Amino acid sequence: MTDRDTPYPTREDERRRWQQLTREIHATLPQRRRPPPAARPSHPGHLIVMGSGIGTLGFTRDSEAMIRSADQVFFCVANAATEVWLRTIRPDALNLYVFYDNKKRRYLTYMQMAEAILHPVRQGKRVVAIFYGHPGIFVLSSHRAVAIARQEGHRAEMRPGISSLDHLCADLGVDPAFPGLQTF
């Protein structure tokens with residue numbers, strides 16, 4: 001797939017893709033049991049959780065290459081420019097913001113995000129999940145997805161994003177090594 005082969009998806013396209021994923025997840029629920037520690041999937045998946053950085057488009061070249069080569073991409077980013085860029089290179093990426101709703105508990109939202117991300121991993125696919133900022137700071141669903149993927153015998157890794165602390169040091173011209181840095 002090249003950038004020019006697939007048009008930017010419509011809301012209806014996005015809705016249909018989410019409905020299809022929901023049907024697939026639902027179809028596996030009765031059979032799926034967490035395997036015992038010794039049991040490993042015959043074709044393990046690979047989960048890469050990465051951060052988009054606190055600013056706009058804080059991706060490294062290797063992260064971009066991972067996004068382009070993934071079987072499935074999910075994202076939860078904070079600015080429109082990053083989403084437009086992602087949609088340009090991966091129009092098939094699924095936006096995890098669909099799970100947010102002011103009328104439900106945030107914990108449920110995070111569990112749903114983790115399960116959506118894990119579904120294609122369990123099918124042996126290479127999955128990239130992108131969260132704004134750093135994916136390991138204040139992101140319960142990323143830690144949960146990585147932990148479950150590893151427990152189930154899949155490869156899972158978390159790649160850092162450019163954090164607000166990184167921006168603060170650059171903006172203020174502060175070197176945390178001199179005279180030292182302590183954060184709370």
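Colour the chain by secondary structure and follow it from the N terminus: the order of elements is α-β-α-β-α-β-α-β-α-β-α, which gives six helices and five strands in the protein. Here helices (H or I, at least four residues) and strands (E, at least two) are DSSP runs, numbered from the N terminus. What you see is a predicted model, in which local features need pLDDT of at least 70 and side-chain atom pairs count only at pLDDT 80 or more, while totals for chains, interfaces and linings use all residues. Residues are numbered from 1 along each chain as its sequence is written, and side-chain values use heavy atoms, with hydrogens and water left out.

Next, show the C-alpha trace alone and turn it about its principal axes, along which the trace spans about 55 × 45 × 35 Å.

Now switch on the surface of the protein, where about 11000 Å² is exposed and carbon and sulfur atoms supply 56% of that area (Shrake-Rupley method, 1.4 Å probe). Buried residues, meaning those under 20% relative accessible area (1.4 Å probe, protein chains only), make up 40% of the 184 residues.

Then select G58, in the loop between β1 (46-51) and α2 (61-69). Is G58 buried or exposed? G58 is buried, because its relative accessible area is 17%.

Finally, add I162 to the selection: I162 and G58 are 104 residues apart along the chain, yet their C-alpha atoms are separated by 6.4 Å. With its neighbours within four places in sequence left aside, G58 is in contact (heavy atoms within 4.5 Å) with G51, S52 and I162.

Terms used
Buried < 20%, exposed > 50% of the residue type's maximum accessible area, 1.4 Å probe, protein only.
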